[in-house]
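The following exercises concern the packing of helices and strands in a single chain. Please examine the sequence and the structure before reading each worked solution.

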Amino acid sequence: MWYHKPVIKEELLQSLPNLKILASSGVGIDHLDLNLLSSYGVKLSNTPFVVSTDTADLGMALMLASSRRLVEGHQMAVSPDTEYFPANWLGAEVSGMTLGIVGMGTIGYKVAERAKAFEMKILYHNRNQRNKEEESAVGAIYCKKIDYLLQQSDFVLLSVVLTLQTQKLIGKRELELMKPTATLINISRGLVVDQDALVEALQNEVIKAAALDVTYPEPLPRDHPLLKLKNVIITPHIGSATKKTRRLMMENMMESIQAGLTGLPIPNEVL
């Protein structure tokens, strides 16, 4: 499965009685009905680890691009109407600021490793606390409650798995807890954020900016208000989109398929 296609519905499974395994690209499996697959005896694999480095890189890129207003700066630099560069055109610093990471899995931890090089203070909220050695290695502080992280962070980065529990995890209440100078960065799934609440928060300066690699739907309708806001950067879900990683993803999928067909243990099987 690539880009969630083909769509796995019961009619398709009924037409494939010999199907043994479904290999899905990427980390997320929110597009699949796990109970339905299990009822047909179909095993499932994904490619969770090979995407983490590139996705973490993109998270940092979005944070830097948003804080230093790179998209606006580029537009100013190449505009035929630009006669001079205004001296009071300023971005915000990243080094030394506080980064709150919501979801400290493999990707979130790699973001923390990168943020440490920027001398950032790192807070994180996760279902389970990391061990002390891992926390110490990146200087991360665990927040059992997400509210404290939201209140203290200059940048809030989302890298959670989409589940019923994380759907609209960031809504009106959570956005209002954030600093008016804060930026929201989403590299997980669009549905983790209540987009209507985000639009309202950005329009009313409840938060300063947003940098999104994911939205709902993808792409957004061309008249969506998020596309019209200067304090928003949107990229087309490219967290894993490098030549090396996409090739590794495909190789991982083929290894899982081969193992599934020969009865061997399946690498990256989703249980």
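**Exercise 1.** Is the crossing of helix 3 and helix 5 left-handed or right-handed? Describe the packing and the residues that form it.

*Solution.* The model is predicted. Begin with the geometry: helix 3 (residues 52-67) packs against helix 5 (residues 106-117) at an angle of about 50 degrees, and their axes are 8 Å apart. Angles under 35 degrees would count as roughly parallel and 65 to 115 as roughly perpendicular; helix 3 is therefore oblique to helix 5. The crossing of the two helices is right-handed. Next, identify the contact: helix 3 contributes S52, T53, T55, A56, D57 and M60, while helix 5 contributes T106, I107, K110, V111, R114 and A115. Sorted by class, this contact has 5 nonpolar, 4 polar and 3 charged residues.

**Exercise 2.** Which strands does helix 5 lie across? Place them in the sheet.

*Solution.* Helix 5 lies across strand 3, strand 4 and strand 6 (155-158), and runs at about 170 degrees to strand 3. The open sheet has 7 strands in the order 5-4-3-6-7-8-9, with parallel pairing. Strand 5 (140-142) and strand 9 (232-234) each have a single partner strand and stand at the edges, so one side of each lacks a neighbour in the sheet. From one strand to the next, the twist averages 15 degrees.

**Exercise 3.** How many bridges join strand 3 to strand 4?

*Solution.* Strand 3 (residues 98-102) and strand 4 (residues 121-125) run parallel and are joined by 5 bridges. Within this pairing, L99 stands opposite I122 in strand 4.

Key
Residues are numbered from 1 along each chain as its sequence is written. This is a predicted model: local features need pLDDT of at least 70, side-chain atom pairs count only at pLDDT 80 or more; totals for chains, interfaces and linings use all residues. Side-chain values use heavy atoms; hydrogens and water are left out. Axes are lines fitted to C-alpha atoms, for helices over the stretch in contact, and angles run from 0 to 180 degrees between N-to-C directions. Helices (H or I, at least four residues) and strands (E, at least two) are DSSP runs, numbered from the N terminus. Angles under 35 degrees count as roughly parallel, over 145 as roughly antiparallel, 65 to 115 as roughly perpendicular and the rest as oblique. A crossing is left-handed if the near helix is turned anticlockwise from the far one by less than a right angle, and right-handed if clockwise. Contact means heavy atoms within 4.5 Å. Ala, Val, Leu, Ile, Met, Phe, Trp, Tyr, Cys and Pro count as nonpolar, Asp, Glu, Lys and Arg as charged, and the others, Gly among them, as polar. Two strands pair if DSSP finds at least two bridges between them.
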